[in-house]
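Biologist: I'd like a close look at one small part of this molecule, with the surroundings added bit by bit. Could you take it slowly, as if I'd never read a structure before?

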Amino acid sequence: MKLKYLLAKCRYILKGRKYQVMIDYFRSCGIKIADTARIYSDITTSESYLISIGGGTTISFDVTFITHDNSVEKLKVGFSDLFGRIVIGENCFIGAKAIIMPGVTIGNNCIIGAGSVVTKSI
């Protein structure tokens with residue numbers, strides 16, 4: 001009975017603040033994110049500090065941000081990793097299951113379709 005009460009109380013406290021709780025979590029992971037962003041995916045990476053998201057941006061479900069790639073080692077001997085910053089501008093929409101590759105900058109007011117693989121800046 002106590003557990004039900006606590007869960008109900010938590011839902012009441014977080015009601016209307018769920019986005020802020022998520023934004024606080026992403027910030028604690030190192031992501032630079034505006035207060036007005038809406039994120040429906042776990043966009044954290046091992047290099048979350050390389051990600052920044054502008055205000056008014058919506059990121060749909062199952063979106064993947066890739067901030068580093070080790071496959072370059074197979075092509076060039078002596079190179080072990082490729083790292084890149086991902087910057088999403090203001091008022092953007094990233095569709096479901098999109099993949100954003102390292103080093104990509106998406107400008108303001110852009111729409112990325114569902115299932116897209118973004119390899120170059122737009």
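Modeller: Sure! One term before we start: a strand here is a DSSP run of E with at least two residues, and strands get their numbers from the N terminus. Also keep in mind that this is a predicted model.

Let's begin with S52, which sits in strand β3, a run covering residues 51-53. Is S52 buried or exposed? Its relative accessible area is 16%, and buried means under 20%, so S52 counts as buried. And who is around it? Skipping residues up to four places away in sequence, S52 touches K32, plus I86, V87 and I88. Strand β8 spans 86-88, so have a look there in the picture too.

That brings us to the largest nonpolar core, which has 23 residues. Strands β3 and β8 each supply at least two residues of this core, and so does helix α2, which covers 18-28. Which members touch the most others? They are I53, F65, I94 and I106. Take I106 as a sample: leaving out residues up to four places away in sequence, its contacts include V87 and I88, and those two also turned up beside S52. I106 also touches G89, C92, I94, I100, I112 and I122.

Now step back along the chain from β3 to S41, which lies in the loop between β2 (38-39) and β3. Loop or not, S41 is buried, because its relative accessibility is 7% and the cut-off is under 20%. Its side chain reaches the backbone nitrogen of V63 at 2.9 Å. With neighbours within four places in sequence set aside, S41 is in contact with F26, and also with I59, S60, F61, D62 and V63.

On one side of that loop is β2, so let's follow it. β2 pairs with strand β4 (residues 58-59) in the parallel sense, over two bridges. R38 has T58 in β4 as its bridge partner. The pair belongs to an open sheet of four strands, ordered β2-β4-β9-β12 with parallel pairing. What are the edge strands? They are β2 and β12 (111-112), each pairing on one side only.

Remember F26 from the contacts of S41? F26 also takes part in the one aromatic pair counted here. Such a pair is described by the distance of the centres and the angle of the planes. For Y25 and F26 that gives 5.4 Å centre to centre and 55° between the planes, a tilted arrangement. The two rings belong to residues with contrasting cover: Y25 is partly exposed at 40% relative accessible area, whereas F26 is buried at 3%.

One more stop, in helix α2, where you'll find M22. M22 is partly exposed, with a relative accessible area of 31%. Its C-alpha atom is 7.7 Å from that of I39, although the two residues are 17 apart along the chain.

Finally, zoom out. The chain has 122 residues, and 31% of them count as buried. It holds three helices and 13 strands. About 7,700 Å² of the chain is exposed, with carbon and sulfur atoms supplying 60% of that.

Definitions and conventions:
Residues numbered from 1 in each chain as written. Predicted model: local features only at pLDDT ≥ 70, side-chain atom pairs only at ≥ 80, totals over all residues. Heavy atoms only, no water. Buried < 20%, exposed > 50% of the residue type's maximum accessible area, 1.4 Å probe, protein only. Areas by Shrake-Rupley, 256 points an atom, 1.4 Å probe, with all protein chains shown as cover. Contact = heavy atoms within 4.5 Å. Polar contact = N/O pair within 3.5 Å; in protein donor to acceptor, adjacent residues only side chain to side chain. Phe/Tyr/Trp six-rings, centres within 6.5 Å; stacked < 30°, edge-to-face > 60°. Pairing = 2+ DSSP bridges. Core = buried A, V, L, I, M, F, W, Y, C linked by side-chain atoms within 4.5 Å.
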